[in-house]
Amino acid sequence: TDAFLLCSPTTTITEATAARFQHPEPTRTASLFPIAALSSSASPPQTLRVLILRNNFDIVAKPLELDREEYIVMHEAVNNAAFPSVSITFESIGFVTRNRLCAHLSRFQPHCIHVCGHGSERGIELVAPTGNGIDSLNAPGLAQLLSEAGIARLPLLVLNSCYSAKMAANLARLGFVAHAVGIAGPSVNAQALDFAYGFWVTLFKSGSFAACFQNGVKLARRHRNEEGVVSNYQGCVAD
């Protein structure tokens, strides 16, 4: 089932983790999400930086509407923003290699990263350094890139890709990400789009990780994956 995990360095991430660690709502840290914190600042308008990573390897059997998913995050969600004191800046990159990702992380210093595209049990799929083939980026690999970019703890990571739940949980457990979302098992394009809409619209309205996760899941559960079942999303909060 869809679940929240409260992760700490002592959490062992296994297939049974969700059953042992799930909580109905991570109220302890939900209020600390950056959009709410920035909006309460007495200083001049603050900027929330969102980085969108998009890779589509033209897998004919599993087409993805990455343009649509990007539009949802950048336009439809922003139109519902309820924090006038927070300006939202987006950067979107495609054809993502590790070096290119590291350069963008260092320069842009995002608060949030949204990953759309294919994933596997080996990690999220990037473009190989040669420009041909696939390079799988796992949790230790992304943690290293964040460290090299000087990002001690990323406030939010949304891995809207197949088989990404364990990676999300590991990054929260290691403390490199404060709030993370991943998918346990395979997913389909329609489910990814609906989750993105429900998640980001609610986030820009409420600033609550718990609320946006729950609304994203509610919309995503209208669809079944290629195995005929509803894929489960997992929301992780670092302890």
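**Exercise 1. Work out what the surface of this protein is made of, and how many of its residues are buried.**

Start with the surface: in this predicted model, the accessible area comes to about 10400 Å². Carbon and sulfur atoms account for 52% of that. Now go inside: of the 239 residues, 55% are buried.

**Exercise 2. Find the largest nonpolar core and the elements that build it.**

First, count its members: this core has 31 residues. Next, look for the ones with the most contacts inside it, and you'll land on Leu 51, Leu 101, Leu 105, Ile 113, Leu 142, Leu 157 and Leu 171. Then trace the elements that give two or more residues to the core, including β3 (46-55), α5 (98-108), α6 (139-148) and β10 (177-184). Finally, note that a separate core of 28 residues lies apart from this one, with Val 50, Cys 112, Val 181 and Leu 203 among its members.

**Exercise 3. Zoom in on Leu 105 and list what it touches beyond four places in sequence.**

Going up the chain, you meet Leu 51, Pro 110 and Ile 113 among its contacts. Carry on and you can add Leu 145, Leu 146, Ala 149 and Ile 151.

**Exercise 4. Check whether the length of helix α9 fits its residue count, then see what is buried there.**

Helix α9 covers residues 209-220, which is 12 residues. At 1.5 Å a residue it should span 16 Å, and its end C-alpha atoms are 16 Å apart, so the two agree. At its start, a side-chain oxygen of Ser 208 comes within 3.4 Å of the backbone nitrogen of Ala 210. As for burial, the buried residues of α9 include Phe 209, Phe 213, Val 217 and Ala 220.

Terms used
Residues are numbered from 1 along each chain as its sequence is written. This is a predicted model: local features need pLDDT of at least 70, side-chain atom pairs count only at pLDDT 80 or more; totals for chains, interfaces and linings use all residues. Side-chain values use heavy atoms; hydrogens and water are left out. A nonpolar core is a set of buried Ala, Val, Leu, Ile, Met, Phe, Trp, Tyr and Cys residues joined through side-chain atoms within 4.5 Å. Buried means under 20% relative accessible area, exposed over 50%, partly exposed in between (1.4 Å probe, protein chains only). Helices (H or I, at least four residues) and strands (E, at least two) are DSSP runs, numbered from the N terminus. Contact means heavy atoms within 4.5 Å. Accessible areas come from the Shrake-Rupley method with a 1.4 Å probe; for residues, only the protein chains shown count as cover. The expected span of a helix is 1.5 Å times one less than its number of residues. A polar contact is a pair of N or O atoms within 3.5 Å; within protein, one must be able to donate a hydrogen and the other to accept it, and residues adjacent in sequence count only if both atoms are side-chain atoms.
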